[in-house]
Amino acid sequence: MFDTEPSAKKCAGMQGLIKEGSEKIEEEAGDAALICAAQKAEHYEIASYGSLIAWATLLEETEAVELLEENLQEEKETDEKLTEIAESVVNAEEAEEETDSEEEGKTENLKTRGKSNSRSR
Ligand SMILES: [Fe+2]
């Protein structure tokens, strides 16, 4: 589109986010931490596309603006999906904790009943 050869440059910011995510995997930090790491990468991309769109708009590069907006939309959709997954993970963990404490309650009741039964004998 711009009659120039594309060139690549490693992004230090994204490299840092990827490193952080990899550390969470190694630490077995759990789903919520992994989703958080993924969302940080998405937000970094969203910020970058936002700036690129502003610059392309200033340069009146309409076609570039349209393509970049498509990319931005995809990043936002991914971010929203990650939020939905994060919320379902948190809800599932809460439900599991409630079940665990209910089980503990039942066990406690049985123990108490056992004690009162033995006392009454
Ligand atoms: Fe992305």
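Colleague: Why is Glu60 called exposed in this predicted model?
Modeller: Glu60 has 8 other C-beta atoms within 10 Å, and since a residue with 12 or fewer counts as exposed, Glu60 is placed in that class.

Colleague: Where does Glu60 sit, and what is said of its phi?
Modeller: Glu60 belongs to the loop between α2 and α3, the latter covering residues 62-120, and it follows just after α2. Its phi is near 55°, a positive value in a residue other than glycine.

Colleague: Which residue in the segment before α1 has a positive phi, and why is that residue called exposed?
Modeller: That residue is Asp3, which lies in the segment before α1 and has a positive phi of about 50° although it is not a glycine. Asp3 has 4 C-beta neighbours inside 10 Å and therefore counts as exposed, given that the limit for this class is 12 or fewer. A positive phi of about 50° is also taken by Glu28, just after α1.

Colleague: What makes Leu52 neither buried nor exposed, but partly exposed?
Modeller: Leu52, whose place is in helix α2, has 18 other C-beta atoms within 10 Å. Buried would require 20 or more and exposed would require 12 or fewer, so Leu52 falls in between and is called partly exposed. Leu52 also lies 9.1 Å from Ala64, C-alpha to C-alpha, with the two residues 12 apart in sequence.

Colleague: How do you know that α1 lies largely in the open?
Modeller: Of the 15 residues of α1, one is buried, so the helix is described as lying largely in the open. For the protein as a whole, with its 121 residues, 4% count as buried.

Colleague: Why is α1 called roughly antiparallel to α2?
Modeller: Two packed helices are described by the angle between their axes and the distance between the axes. Here α1, residues 12-26, and α2 have axes that come within 9 Å and cross at roughly 170°. An angle over 145 degrees counts as roughly antiparallel, and therefore α1 is roughly antiparallel to α2. On the α1 side, the residues making the contact include Met14, Leu17 and Ile25, and on the α2 side they include Leu34, Ala38 and Tyr44. By class, this contact has nine nonpolar, two polar and three charged residues.

Colleague: What makes the lengths of α1 and α2 close to expectation?
Modeller: Helix α1 reaches 21 Å from its first C-alpha to its last, close to the 21 Å expected at 1.5 Å a residue. Helix α2, which spans residues 31-58 and has 28 residues, reaches 41 Å, close to an expected 40 Å.

Colleague: What is the pattern of the protein along the sequence, and how many helices and strands does it have?
Modeller: The protein has three helices and zero strands, and read along the sequence its pattern is α-α-α. Among contacts with a separation of 6 or more, 58% join residues 24 or more positions apart.

Colleague: Why should the predicted coordinates not be read in detail everywhere?
Modeller: Where pLDDT is low, the predicted coordinates should not be read in detail. Over residues 113-121, pLDDT stays under 50, and the model has zero contacts beyond four places in sequence for them. For the protein, the mean pLDDT is 87, and 86% of its residues reach 70 or more.

Definitions and conventions: Residues numbered from 1 in each chain as written. Predicted model: local features only at pLDDT ≥ 70, side-chain atom pairs only at ≥ 80, totals over all residues. Helix = DSSP H or I, 4+ residues; strand = E, 2+ residues; numbered from the N terminus. Expected span 1.5 Å × (residues − 1). Contact = placed C-beta atoms within 7 Å. Axes fitted to C-alpha atoms, helices over the stretch in contact; angles between N-to-C directions. Parallel < 35°, antiparallel > 145°, perpendicular 65-115°, else oblique. Nonpolar A, V, L, I, M, F, W, Y, C, P; charged D, E, K, R; others polar. pLDDT = per-residue confidence, 0-100.
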